[in-house]
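Here is a short briefing to read with the structure open beside you. It goes through a loop, the ligand site, the aromatic pairs and one special peptide bond.

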Amino acid sequence: MTPVFIVFFGPPGCGKGTQAKKITEELGLTQISTGDLFRKHLGEKTPLGLKAQEYMSKGELVPDDITISMVRERLQEPDVATGAIFDGFPRTGAQAQALDDLLKEFESDVTMVVDFALPIEISRERLMGRQEGRADDKPEVIEKRLNDHQAVEDSVMPHYRGKADLVKEVDAERGIDEIYEDVRALIQSVLN
Ligand code: AMP
């Protein structure tokens, strides 16, 4: 089976992490969330985790070299052989290019980009109400992450938009189950 590599893209609070978790559980794919990986490193107090925290606590992006080498390492794990869903990666043009280069080792490419479209004010409401107790869900850090998202979009999406039909937009303003129906149909379409 050719592996499938799918990027979930969208503003903080758009639900891409929740959707990635659901679809990977249902279809036996692997979720690669750089935010979760950083939080895991931090929980284990690894040098990488402590370094990442300097940026995460301010709502800033962790530098590309750290992020890319962490993803490179994650892609060595056996559970990636059938493919993966990237959640929160890439977030810069350099990361998007690095992902293409890393996937060449699998003789593969990004199969699809699911773009979770959500107005910024809804994103803000959701993050302010989030009860997960994340250290970076403080109002001032939320504001910074939201403001920076446009720059993230401007640096990542041009990399993909040029490629015919690669980007699929999903209306992320709806409920989890409605969004999931679309997400599942999209992923199924590239698995068959
Ligand atoms: P997330 O869980 O995706 O919202 O990510 C939480 C935080 O982790 C972000 O605000 C960044 O500080 C850091 N982070 C996660 N993914 C990346 C990435 N691809 N590049 C740089 N920093 C990231």
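**A quick tour of the model**

Glu 107 is found in the loop that runs between helix 5 and strand 4. Please keep in mind that this is a predicted model. The ligand occupies the largest pocket, and the protein covers 96% of the 480 Å² of accessible area that the ligand has on its own.

**Backbone points to look at**

- Glu 107 has a phi near 50°, which is a positive value in a residue other than glycine.
- Between Phe 89 and Pro 90 you will find a cis peptide bond, with omega at about 0°.
- The loop that holds Pro 90 lies between strand 3 (83-87) and helix 5.

**Who surrounds the ligand**

- The shell around the ligand is made of 15 residues, and the closest are Thr 34, Arg 39, Glu 60, Gly 88 and Gln 95.
- By residue class, the shell divides into five nonpolar, five polar and five charged residues.
- Which helix gives the most to the shell around the ligand? That is helix 2, residues 34-43, with four residues.

**Polar contacts with the ligand**

- Thr 34 places a polar side-chain atom 2.8 Å from a nitrogen atom of the ligand.
- In the side chain of Gln 95, an N or O atom is 2.9 Å from a nitrogen atom of the ligand.
- Arg 134 has a polar side-chain atom 3.1 Å from an oxygen atom of the ligand.
- With these contacts in view, recall how much of the ligand is covered: 96% of the 480 Å² of accessible area that the ligand has on its own.

**Aromatic pairs**

- How many aromatic pairs does the structure hold? There are four.
- One of them joins Phe 5 and Phe 106: the ring centres are 5.2 Å apart and the planes meet at 65°. Planes over 60 degrees apart count as edge-to-face, so the pair of Phe 5 and Phe 106 is edge-to-face.
- Phe 5 belongs to strand 1 (residues 4-9), while Phe 106 sits in the loop between helix 5 (93-104) and strand 4 (112-117). The pair therefore ties together parts that are 101 residues apart in sequence.
- The loop between helix 5 and strand 4 is worth a second look, as Glu 107 lies there too.

How values were computed:
Residues numbered from 1 in each chain as written. Predicted model: local features only at pLDDT ≥ 70, side-chain atom pairs only at ≥ 80, totals over all residues. Heavy atoms only, no water. Near = heavy atom within 4 Å. Polar contact = N/O pair within 3.5 Å; in protein donor to acceptor, adjacent residues only side chain to side chain. Areas by Shrake-Rupley, 256 points an atom, 1.4 Å probe, with all protein chains shown as cover. 1 Å grid on protein atoms, 1.4 Å probe; cavity = no way out; pocket = protein on both sides within 12 Å on 5 of 7 lines; lining within 4 Å. Sits in = over half its atoms within 2 Å of the grid points. Helix = DSSP H or I, 4+ residues; strand = E, 2+ residues; numbered from the N terminus. Nonpolar A, V, L, I, M, F, W, Y, C, P; charged D, E, K, R; others polar. Phe/Tyr/Trp six-rings, centres within 6.5 Å; stacked < 30°, edge-to-face > 60°.
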